[in-house]
Structure formats: C-alpha cells, structure tokens
Amino acid sequence: KLRVAGEGDAGVKGGPAGDLYIFLSVKPDPDLKRDGIDVYSEITVDVVDAMLGARKPTRTLDEPSLQVDIPPGTQPGAKIKIPGKGVPQLNKKNVRGDHYVTV
C-alpha cells in the first residue's frame, strides 16, 4: 500500500485535498525470487563448464538473456553476484539491489 499525500479528492467546502492510497499486488515469477531489493535465480551448469569456466545466459528483471561468467572450479550451490540488477529501492531511483545466481 502506497500513500501519496495531498493527491486524493478535494476537501469539503474548499478544504485541502485528501491522501491517495494505492494498493499493489505483485504477480509471482517462477524463475525469479525477491528478497527486499535483491533478486535470486538458479542456473544449471554441466560438470565440464563448472570445472573449466563458461559464459551462460540468465534472465534478469531488465534483460531476457544476460551472459553470466561461471568461473573455473565453481562448486554446486555457489552464488554469483550481478551488481545493480535487482529491484529499484523505493524513493531512490538510482539505488538498486543485486541479482544473485545460484549454480
């Protein structure tokens, strides 16, 4: 629920405008999970790519296919951080969370 002060209906007998309340619901995504302003997803990598390293595509909030570098020697369950690809922070448009990819 968001409150926007002074943007509601006009007040009675010329009084100040009331507040506008906006109710939001977010549709869940089967591939992306949100925790605060950070986003989490998983990627499947075969053994050879995990041992030698590779570049694999993953979906982010902004891009349908972003190439992620899998470093050589990556272990199962390792998390790769993609800075600034999470959710924008409320009231701070230039601050974004991170996207974490679990291998």
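**Exercise 1. Place Gln67 in the fold and describe its surroundings.**

Gln67 lies in strand S6. Strands here are DSSP runs of E with at least two residues, and helices are runs of H or I with at least four; both are numbered from the N terminus. The model is predicted, so local features need pLDDT of at least 70 and side-chain atom pairs count only at pLDDT 80 or more, while totals for chains, interfaces and linings use all residues. Residues are numbered from 1 along each chain as its sequence is written, and side-chain values use heavy atoms, with hydrogens and water left out.

Step 1: accessibility. Gln67 is partly exposed, at 38% relative accessibility. The cut-offs are under 20% relative accessible area for buried and over 50% for exposed, with partly exposed in between (1.4 Å probe, protein chains only).

Step 2: contacts. Set aside neighbours within four places in sequence; Gln67 then contacts Arg55, Lys56 and Pro57. Contact means heavy atoms within 4.5 Å.

Step 3: a distance. The C-alpha atoms of Gln67 and Asp49 are 14 Å apart, and the two residues are separated by 18 residues along the chain.

**Exercise 2. Find the aromatic pair and classify its geometry.**

Step 1: count. The structure holds 1 aromatic pair. The rule takes rings of Phe, Tyr and Trp (its six-membered ring) with centres within 6.5 Å; planes under 30 degrees apart are stacked, over 60 edge-to-face, the rest tilted.

Step 2: geometry. Tyr40 and Tyr100 are the partners, with 5.2 Å centre to centre and 15° between the planes. The pair is stacked.

Step 3: location. Tyr40 is in strand S4 (residues 38-42) and Tyr100 in strand S10 (residues 99-102). The pair links distant parts of the chain, 60 residues apart.

Step 4: accessibility. Tyr40 has a relative accessible area of 25% and is partly exposed.

**Exercise 3. Trace salt bridges that involve Asp31, Asp62 and Asp98.**

Step 1: count. A salt bridge needs a side-chain nitrogen of Lys or Arg within 4 Å of a carboxyl oxygen of Asp or Glu. The count comes to 8 salt bridges.

Step 2: Asp31. Its partner is Arg59, with the closest N and O atoms 3.7 Å apart. Asp31 sits in the loop between strand S2 (20-22) and strand S3 (33-35). Arg59 sits in the loop between strand S5 (54-58) and strand S6 (66-70), and the two are 28 residues apart. Asp31 is partly exposed at 49%, and Arg59 is partly exposed at 31%. Asp29, Asp31 and Arg59 are linked in a network of salt bridges.

Step 3: Asp62. This residue bridges to Arg96, with the closest N and O atoms 2.9 Å apart. Asp62 lies in the loop between S5 and S6 and Arg96 in strand S9 (residues 92-96), so the pair ties together parts 34 residues apart in sequence. Asp62 is partly exposed at 45%, as is Arg96 at 28%.

Step 4: Asp98. The side chains of Asp98 and Lys81 meet at 3.5 Å, N to O. Asp98 is in the loop between S9 and S10, and Lys81 is in strand S7 (residues 79-82), 17 residues away. Asp98 is buried at 15%, whereas Lys81 is partly exposed at 47%. Leaving out residues up to four places away in sequence, Asp98 touches Ile37, Asp38, Val39, Lys81, Ile82, Pro83, Gly84, Lys85 and Gly86.

**Exercise 4. Describe the lining of the largest pocket and of the second largest pocket.**

Step 1: the rule. On a 1 Å grid over the protein atoms alone, a pocket is an open set of points with protein on both sides within 12 Å along at least five of seven lines; lining residues have an atom within 4 Å of a point. Grid points are joined across faces, edges and corners, and the volume is the space filled by probe spheres set on the points.

Step 2: the largest pocket. Its volume is about 230 Å³. The lining includes Val26, Asp29, Arg34, Arg59 and Val87. By class it has 6 nonpolar, 1 polar and 5 charged residues. Ala, Val, Leu, Ile, Met, Phe, Trp, Tyr, Cys and Pro count as nonpolar, Asp, Glu, Lys and Arg as charged, and the others, Gly among them, as polar.

Step 3: the second largest pocket. Its volume is about 170 Å³. Among its lining residues are Leu2, Val26, Arg34, Val87 and Gln89. The lining has 7 nonpolar, 1 polar and 1 charged residues.

Terms used
On a 1 Å grid over the protein atoms alone, a cavity is a set of points where a 1.4 Å probe fits but cannot get out, and a pocket is an open set with protein on both sides within 12 Å along at least five of seven lines; lining residues have an atom within 4 Å of a point.
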